[in-house]
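User: I am a first-year student, and I would like a close look at a single part of this protein. Could you take me through one loop residue and its surroundings, and then show me how that part fits into the rest of the chain?

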Amino acid sequence: MMEEELMDQIMYAVHQLVSWIASFAIIFGGVVPYIPQYRDIRRTQNAEGFSTYVCLVLLIANILRILFRFGRYFETPLLWQSIIMITTMLVMLNLCTNVRMATELSTKRRSFTDFDLNYFWSWSRFMDYLQCVLAFTLLATYVTYLMLDSVLFVETLGFLAVFTEAMLGTPQLYCNYQNKSTEGMSIKMVLMWTSGDTFKSGYFLLTQAPMQFWICGLLQVCVDIAILFQVYYYSRYPQKPISHTTHTTAKAL
């Protein structure tokens, strides 16, 4: 009898440990791919290879996910994951903006309050990005508050959060296509995207998650693979001379 109780206690302790490790991985695992990219940008003082629209996509997706929780409860680690990701994207935006301002020759300053769609998400100060994020958050919160009793709205909100995140890699894919190069982009970041999205998609399929979850997961994997193909193609067939000097503009931003 004592042995059975001891075994039950050991199994409970192991279960708790695995649960804590899984929660830690869920909360912080999503930001790990951006650590090498952040270090590369700081080291080279060049943000041309990283698309800040990646930050835009993740900010929208995680703000919508947090609002979705008011209509349908989900695990607390996923909530903290969204909060940590929003903070990380703001840190990345701050770095990219500072680097661009230090290397850009143009003296003209663009701001969010200009309301010029031609320069949307290409502003000169980090504060402008912060104002845009706050404006979107307030608007989305107000609409959610008004429509919270609608099941259709809540489910649509959840789908938009998942689908927006599924579009994560498309800004980077387009940025690489425009530059005809993947120079300045962290390959480690994309490899981490691919491994994480593959694991997540497999998990959705094995646990028979709702269809939109695994469809969006597989879409993410396809985009990741397309970016990795760009790495191979542009390294084997260079479309422009590789520059070893500091860039004076930041087209990707």
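Analyst: Arginine 110 sits in the loop that joins α4 to α5, the latter being residues 126-147. The model is a predicted one, and in it arginine 110 has a relative accessibility of 14%, so it counts as buried, the cut-off being under 20%. Which residues is arginine 110 in contact with, once its neighbours within four places in sequence are left aside? They are Glu104, Tyr119, Ser122, Trp123, Ser124, Arg125 and Asp128. One of these partners, arginine 125, lies 15 residues away along the chain, and the C-alpha atoms of arginine 110 and arginine 125 are separated by 8.0 Å.

The loop between α4 and α5 also holds phenylalanine 115. Is phenylalanine 115 buried or exposed? With a relative accessible area of 63%, phenylalanine 115 is exposed, whereas arginine 110 counts as buried. The backbone of phenylalanine 115 deserves attention too, since most residues other than glycine have a negative phi. Phenylalanine 115 is a residue other than glycine, yet its phi is positive, near 55°. Lysine 180, which is not a glycine either, has a positive phi of about 55°. Lysine 180 is found in the loop between α7 (170-179) and α8 (187-206), and its relative accessibility of 29% means that it counts as partly exposed.

From the loop we can turn to α4 itself, which covers residues 76-103. The axis of α4 comes within 10 Å of the axis of α2 (residues 34-44), and the two axes cross at roughly 15°. An angle of that kind makes α2 roughly parallel to α4, because angles under 35 degrees count as roughly parallel. The crossing in which α2 passes α4 is left-handed. On the α2 side, the residues that meet α4 are Tyr34, Gln37, Tyr38, Ile41 and Arg42, while α4 contributes Met85, Thr88, Met89, Val91, Met92, Leu95, Cys96 and Val99. Sorted by kind, the residues of this contact of α2 with α4 comprise ten nonpolar, two polar and one charged.

A second pair of helices can be read in the same manner. Helix α3 (residues 53-71) packs against α6 at an angle of about 155°, with the axes 8 Å apart. This makes α3 roughly antiparallel to α6, because angles over 145 degrees are counted that way. Here, too, the crossing is left-handed. From α3 the contact draws on Val57, Leu58, Ile60, Ala61, Leu64, Arg65, Leu67, Phe68 and Gly71, and from α6 on Val154, Leu157, Gly158, Leu160, Ala161, Thr164 and Glu165. The residues of the contact of α3 with α6 divide into eleven nonpolar, three polar and two charged.

Several of the α6 residues in that contact are buried, including Val154, Leu157, Gly158 and Ala161. Helix α6 has 16 residues (151-166), which at 1.5 Å a residue should span 22 Å, and its end C-alpha atoms are 23 Å apart, which agrees.

As for the whole, the protein chain contains nine helices and zero strands. Of its 253 residues, 40% are buried. Finally, among contacts with a separation of 6 or more, 76% are between residues 24 or more positions apart.

Terms used:
Residues are numbered from 1 along each chain as its sequence is written. This is a predicted model: local features need pLDDT of at least 70, side-chain atom pairs count only at pLDDT 80 or more; totals for chains, interfaces and linings use all residues. Side-chain values use heavy atoms; hydrogens and water are left out. Helices (H or I, at least four residues) and strands (E, at least two) are DSSP runs, numbered from the N terminus. The expected span of a helix is 1.5 Å times one less than its number of residues. Buried means under 20% relative accessible area, exposed over 50%, partly exposed in between (1.4 Å probe, protein chains only). Axes are lines fitted to C-alpha atoms, for helices over the stretch in contact, and angles run from 0 to 180 degrees between N-to-C directions. Angles under 35 degrees count as roughly parallel, over 145 as roughly antiparallel, 65 to 115 as roughly perpendicular and the rest as oblique. A crossing is left-handed if the near helix is turned anticlockwise from the far one by less than a right angle, and right-handed if clockwise. Contact means heavy atoms within 4.5 Å. Ala, Val, Leu, Ile, Met, Phe, Trp, Tyr, Cys and Pro count as nonpolar, Asp, Glu, Lys and Arg as charged, and the others, Gly among them, as polar.
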